[in-house]
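Hi everyone, thanks for having me. I've got one structure to show you today, so let me put it up on the screen.

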Number of protein chains: 2
Amino acid sequence: MEHLYEKTLSSEQLYDGKVVKLYKDDVLLENGERAIREVVRHPGGVCVLPLDDDGNVYMVKQFRYPFGEVLLELPAGKREAGEEPIECGTRELSEEIGAKAGKMTLLGKLYPTVAYDTEVIWVYLAEELTFSGGQHLDPEEFVDVVKMPFEDALAMVLRDEIPDAKTQLGILRAAARKA
Amino acid sequence: MEHLYEKTLSSEQLYDGKVVKLYKDDVLLENGERAIREVVRHPGGVCVLPLDDDGNVYMVKQFRYPFGEVLLELPAGKREAGEEPIECGTRELSEEIGAKAGKMTLLGKLYPTVAYDTEVIWVYLAEELTFSGGQHLDPEEFVDVVKMPFEDALAMVLRDEIPDAKTQLGILRAAARKA
């Protein structure tokens with residue numbers, strides 16, 4: 001075995017849910033020993049930082065069940081089957097904010113939970129916004145839109161008032177791009 | 001029901017693993033409808049940015065099974081039962097880097113996966129480093145230490161060469177603190 005690498009010996013699906021698919025794999029380590037790796041398989045998602053011509057960012061407030069808290073986040077969502085990241089970002093921007101972007105720029109990608117989850121999140125900056133048609137959410141989705149100056153959102157991140165990782169990263173990466 | 005909130009009606013544990021504990025909850029939405037929420041319950045973790053007096057940061061390279069890739073990350077690990085975040089950070093710094101910090105400063109906390117996972121990661125800046133005793137890893141852990149100027153690590157984040165979310169955030173939050 002190559003240094004650091006692990007080889008899959010077998011993989012068992014333990015759960016096939018709506019959001020979470022859980023696997024338990026048996027792997028071979030570089031020292032010849034075996035180990036168990038529990039892996040959540042996830043289709044990945046896209047997060048969008050919508051920035052209007054006046055320098056305002058549009059965020060969403062929603063209840064996040066694992067934390068029992070209403071969190072402030074950039075609009076985001078799961079990729080649907082066969083969907084390219086930029087298509088997913090365009091769809092989520094329309095569904096959650098009711099906006100269309102003339103320009104979408106990839107700020108970067110992130111792996112939120114590298115130890116046990118395959119999720120990847122692509123983060124886009126959405127500019128040249130036009131608004132029409134309003135939100136159109138899924139029946140189980142309740143989301144309030146919050147508009148604020150980008151500098152205020154950045155200050156909230158630096159005061160540690162926005163715990164969501166993708167939102168912190170979108171704002172910090174956009175700020176670094178401006179600087 | 002209060003606007004945006006969801007109420008737990010029942011909770012069923014589907015899997016009790018080494019890292020992942022999976023639950024399937026039945027919830028009541030604000031419109032009176034019911035929904036299923038799949039939740040991974042995780043003890044949380046701590047990530048440390050070790051910065052020496054010459055401005056070098058110490059990172060680790062390790063194989064991350066969900067991605068099949070060797071990733072560059074800040075040292076980090078799961079909280080043990082009853083462990084305070086700062087104790088966990090001090091322990092991981094010692095285990096993965098072989099270092100002790102004279103000064104630990106909380107840079108912030110992050111929720112990596114808000115939709116379906118309770119994990120919280122606390123991020124500390126570790127300064128006034130002393131090195132003794134070397135790494136002392138778990139038997140299943142294989143980790144190489146990489147030392148580089150902080151500015152080089154920041155440049156890698158901005159070139160999107162470090163996908164791990166906690167590492168990006170630790171570096172960007174530390175850079176914002178310096179600025």
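I'll go through the domains, then the place where the chains touch, then the symmetry.

Before anything else, keep in mind that this is a predicted model.

Okay, start with chain A by itself. The domain assignment splits chain A in two: domain 1 covers 7-41, and domain 2 covers 45-178. If you take the C-alpha centres of those two domains of chain A, they sit 31 Å apart.

Now bring in the other chain. How many residues of chain A are in contact with chain B? It's 53, and they meet 53 residues of chain B.

So which parts of chain A do the touching? Among the elements that each give at least two residues to that side are the strands β1 (7-16), β2 (21-28) and β3 (34-41), and further along there's β8 (99-110) and the helix α3 (165-178). The largest share comes from β3(A), with six residues. As for what kind of residues you find on that side of chain A, we have 32 nonpolar, 15 charged and six polar ones.

Last bit: symmetry. Give chain A a turn of 180°, with a shift of 0.0 Å along the axis, and you can lay it on chain B with an RMSD of 0.0 Å. That's the relation of a two-fold axis. Want to find the axis on the screen? Look for A:P112, whose C-alpha is the nearest to the axis in chain A, at 2.5 Å.

And why do we say the copies meet through the same surface? Because 100% of the interface residues of chain A are also interface residues in chain B.

Definitions and conventions:
Residues numbered from 1 in each chain as written. Chains lettered and ligands numbered in written order. Predicted model: local features only at pLDDT ≥ 70, side-chain atom pairs only at ≥ 80, totals over all residues. Domains from an automatic or database assignment. Contact = placed C-beta atoms within 7 Å. Helix = DSSP H or I, 4+ residues; strand = E, 2+ residues; numbered from the N terminus. Nonpolar A, V, L, I, M, F, W, Y, C, P; charged D, E, K, R; others polar. Least-squares fit on C-alpha atoms with pLDDT ≥ 70 in both.
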